[in-house]
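Please look over the sequence and the fold below before reading on. The paragraphs that follow go through pairs of side chains, the helices that carry them, and the chain as a whole.

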Amino acid sequence: MDFPEDFLSELLQTDADDICFEALQETAPILENNMKDILRQDNHELSGELIDSIKATKPKKAKNGAWMVHVRPTGYSSINSFSVKGKGEKMRKYKISNSLKMIWIEYGVAGRQPARPFLQRLVNQTRSASMTKMQEVYNRKTGARDES
């Protein structure tokens, strides 16, 4: 097998942290958009503010050297009222975190709301597009050619 003369020098000059940062930065919007789409498809009554609050963080390097990006709901509900079947509308004394709403959708609330799991479906639907985008970034940074 013949390698180009500059193959190893290009590969060794590539910064792994730079590749990881850029790959995650370009992949995060894919996950963010897919999460919003899945919640819209489920048409859950708590999802209006929740969908608008979903944001991706900037990629960060953890203490153990792993790179990660978080895509999550942020903020709190602006509505303090909620409805109870047969009892009309009630008022809360506090606002509900959008993250808590997501937990309620995923796992349900015992005796009140059935679970509507969506996170595994999100991972399954996003995996291929995310891996393709990360491979594109890797190929671009290292000068590799796409073999597919």
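In this predicted model, the side chains of lysine 141 and glutamate 22 meet in a salt bridge with an N to O distance of 2.9 Å, where a salt bridge is a side-chain nitrogen of Lys or Arg within 4 Å of a carboxyl oxygen of Asp or Glu. The two partners come from distant parts of the chain, since lysine 141 belongs to helix H5 (residues 119-142) and glutamate 22 to helix H2, 119 residues apart; helices (H or I, at least four residues) and strands (E, at least two) are DSSP runs, numbered from the N terminus. Lysine 141 counts as partly exposed because its relative accessibility is 28%, given that buried means under 20% relative accessible area, exposed over 50%, and partly exposed in between (1.4 Å probe, protein chains only).

Residues are numbered from 1 along each chain as its sequence is written. Local features need pLDDT of at least 70 and side-chain atom pairs count only at pLDDT 80 or more, while totals for chains, interfaces and linings use all residues, and side-chain values use heavy atoms, with hydrogens and water left out.

How many salt bridges does a search of the whole structure find? The search finds nine, and another of them joins glutamate 49 and lysine 101, with 3.0 Å from N to O. Glutamate 49 lies in helix H3 and lysine 101 in helix H4, so this pair ties together parts that are 52 residues apart in sequence. The two ends are covered to unlike degrees by their relative accessible areas: glutamate 49, at 24%, counts as partly exposed, whereas lysine 101, at 6%, is buried. Salt bridges that share partners also join Asp18, Glu22, Glu26, Arg140 and Lys141 into one network.

A further salt bridge is formed by lysine 61 and aspartate 17, whose closest N and O atoms are 3.1 Å apart. Here too the pair links distant parts of the chain, with lysine 61 in strand E2 (residues 60-61) and aspartate 17 in helix H2, 44 residues apart. Lysine 61 has a relative accessibility of 43% and therefore counts as partly exposed, and aspartate 17 is also partly exposed, with a relative accessible area of 29%.

Helix H2 also takes part in an aromatic contact. The structure holds one aromatic pair, and the rings in question, those of phenylalanine 21 and tryptophan 67, have centres 6.1 Å apart and planes at 75 degrees, so the pair is edge-to-face. By the rule used, rings of Phe, Tyr and Trp (its six-membered ring) pair if their centres lie within 6.5 Å, and planes under 30 degrees apart count as stacked, over 60 as edge-to-face and the rest as tilted. Phenylalanine 21 sits in helix H2 (residues 16-42) and tryptophan 67 in strand E3 (residues 67-68), 46 residues apart. Both rings belong to partly exposed residues, phenylalanine 21 at 29% relative accessibility and tryptophan 67 at 22%.

Helix H4 deserves a separate look. At its N-terminal end serine 97 acts as a cap, a side-chain oxygen lying 3.0 Å from the backbone nitrogen of serine 99, and after H4 comes glycine 108, with a positive phi near 80 degrees. Within H4, the buried residues are Asn98, Lys101, Met102, Trp104, Ile105 and Glu106. Leucine 100 is in this helix as well (residues 98-107), but it is partly exposed, with a relative accessible area of 32%. Together with Ile103 and Tyr107, Leu100 forms a nonpolar patch on the surface, with about 310 Å² of accessible area together.

In helix H3 (residues 47-53) lies aspartate 52, which is exposed, with a relative accessible area of 56%. The C-alpha atoms of aspartate 52 and threonine 74, 22 residues apart along the chain, are separated by 9.0 Å.

Turning to the whole chain, the protein has five helices and six strands, and read along the sequence they follow the pattern α-α-α-β-β-β-β-β-β-α-α. Buried residues make up 28% of its 148 residues. Among contacts (heavy atoms within 4.5 Å) between residues at least 6 apart in sequence, 51% join residues at least 24 apart. The protein exposes about 10500 Å², of which carbon and sulfur atoms supply 53%.

Terms used
Patch = residues over 30% accessible without salt bridge, like charges linked within 9 Å, V, L, I, M, F, W, Y side chains within 5 Å. Areas by Shrake-Rupley, 256 points an atom, 1.4 Å probe, with all protein chains shown as cover. Polar contact = N/O pair within 3.5 Å; in protein donor to acceptor, adjacent residues only side chain to side chain.
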